[in-house]
Amino acid sequence: MSTLSLSPLRFSAQEITAVVELYASNPEYCRAAGEYDPEDVRPDQVESDLRDEVGIDGCEVLLAWDEQNTVIGLISLLDQHPKDGHPWIGMLIVHGAVQRRGLGRELATAIEDRFRAAGQEDLRLCVFESMPSSLAFWTALGWQEIRRGATNEHGKPVIVLQKTLP
């Protein structure tokens with residue numbers, strides 16, 4: 001039985017603070033993405049970046065909450081990537097304090113189920129080449145590498161993965 005719930009990011013001060021803490025709890029991700037200094041994640045920058053993201057047509061940013069009503073994750077979904085037309089998971093990040101408890105797997109499964117129910121045949125995402133643990137996590141869930149050599153908007157090398165949604 002799931003103990004997590006998802007809700008759209010509403011940009012309350014409490015939610016932005018929770019997202020800042022979530023990024024700060026994942027310094028390896030911050031360094032790999034090149035987006036935030038893990039020692040100084042600025043709330044105004046986080047809020048601005050997330051507002052830009054939700055302003056993209058077909059993009060949704062969700063918070064994952066545990067049973068104590070604490071934010072434990074952040075998810076960004078894109079219905080259709082402008083470059084390849086496929087749906088994408090733009091981000092799935094779990095708070096560092098609660099990693100390795102199956103929560104990432106639970107969130108990934110919920111996202112896959114959601115896209116499957118919407119009639120999507122496959123789903124894509126990318127992981128940073130400098131984070132082999134992320135590649136191992138997604139491949140253990142049945143995702144397959146389809147391309148290397150791409151970069152994120154900050155020029156960091158990524159590996160594109162895809163999963164067929166039966």
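A residue is called buried when its relative accessible area is under 20%, exposed when that area is over 50%, and partly exposed in between. Cysteine 126, with a relative accessible area of 33%, is therefore partly exposed. Keep those words in mind as we walk through this structure, which is a predicted model.

Let's begin with the chain as a whole. It contains 5 helices and 7 strands. If you follow the sequence from start to end, these elements come in the pattern β-α-α-α-β-β-β-α-β-α-β-β. The radius of gyration is 15 Å, close to the 15 Å that the globule rule gives for 166 residues, so the chain is as compact as a globular protein of that length. Along its principal axes, the C-alpha trace spans about 40 × 40 × 30 Å.

What about the inside and the outside? Of the 166 residues in the chain, 44% are buried. The accessible surface adds up to about 8900 Å², and carbon and sulfur atoms account for 48% of it. Contacts tell us how the chain folds back on itself: among those with a separation of 6 or more, 56% are between residues 24 or more positions apart.

Now we can turn to the aromatic rings. A pair of aromatic rings is described by the distance of the centres and the angle of the planes. This structure holds 5 aromatic pairs. One of them joins tyrosine 23 and tyrosine 29, whose ring centres are 6.4 Å apart with 15 degrees between the planes, and this pair is stacked. Tyrosine 23 and tyrosine 29 are both buried.

Tyrosine 29 also pairs with phenylalanine 128, with the centres 5.8 Å apart. Here the planes meet at 65 degrees, and because an angle over 60 degrees counts as edge-to-face, that is the name this pair receives. The pair brings together distant parts of the chain, since tyrosine 29 belongs to helix H2 (residues 27-33) and phenylalanine 128 to strand E5 (residues 122-128), 99 residues apart. Tyrosine 29 has a relative accessibility of 15%, so it counts as buried. Phenylalanine 128 is buried too, with a relative accessible area of 11%. Step back a little and you can find a cluster in which ring pairs link Tyr23, Tyr29, Tyr36 and Phe128.

Another ring to visit is that of phenylalanine 11. This residue lies in the loop between strand E1 (5-8) and helix H1 (13-24), and it is buried, with a relative accessible area of 13%. The charged end of arginine 51 sits over the ring of phenylalanine 11, 4.1 Å from the ring centre. Arginine 51 itself is found in helix H3 (residues 43-54) and, at 41% relative accessibility, counts as partly exposed. The C-alpha atom of arginine 51 is separated by 9.5 Å from that of leucine 9, although these two residues are 42 residues apart along the chain.

Phenylalanine 11 has something to show in its backbone as well. Most residues other than glycine have a negative phi. Phenylalanine 11 is not a glycine, yet its phi is positive, at about 70 degrees. Asparagine 69 is not a glycine either, and it has a positive phi of about 65 degrees. You will find asparagine 69 in the loop between strand E2 (59-65) and strand E3 (71-78). Is asparagine 69 buried or exposed? With a relative accessible area of 54%, asparagine 69 is exposed.

Let's come back to the cysteines. How many disulfides are there? The count is 0. The sulfur of cysteine 59 has its closest cysteine sulfur in cysteine 126, 13 Å away, and that is too far for a bond because a disulfide needs the sulfur atoms within 2.5 Å. Cysteine 59 counts as buried, at 13% relative accessibility, whereas cysteine 126 is the partly exposed residue that we met at the start.

Our last stop is glutamate 112, in helix H4 (residues 103-117). Is glutamate 112 buried or exposed? Its relative accessibility is 6%, so glutamate 112 counts as buried. Leaving aside its neighbours within four places in sequence, glutamate 112 touches Leu123, Trp143, Lys163 and Leu165, with which it is in contact.

Methods:
Residues numbered from 1 in each chain as written. Predicted model: local features only at pLDDT ≥ 70, side-chain atom pairs only at ≥ 80, totals over all residues. Heavy atoms only, no water. Phe/Tyr/Trp six-rings, centres within 6.5 Å; stacked < 30°, edge-to-face > 60°. Buried < 20%, exposed > 50% of the residue type's maximum accessible area, 1.4 Å probe, protein only. Helix = DSSP H or I, 4+ residues; strand = E, 2+ residues; numbered from the N terminus. Lys NZ or Arg CZ within 6 Å of the ring centre and 35° of its normal. Rg over C-alpha atoms; globule rule 2.2 N^0.38 Å. Contact = heavy atoms within 4.5 Å. Areas by Shrake-Rupley, 256 points an atom, 1.4 Å probe, with all protein chains shown as cover.
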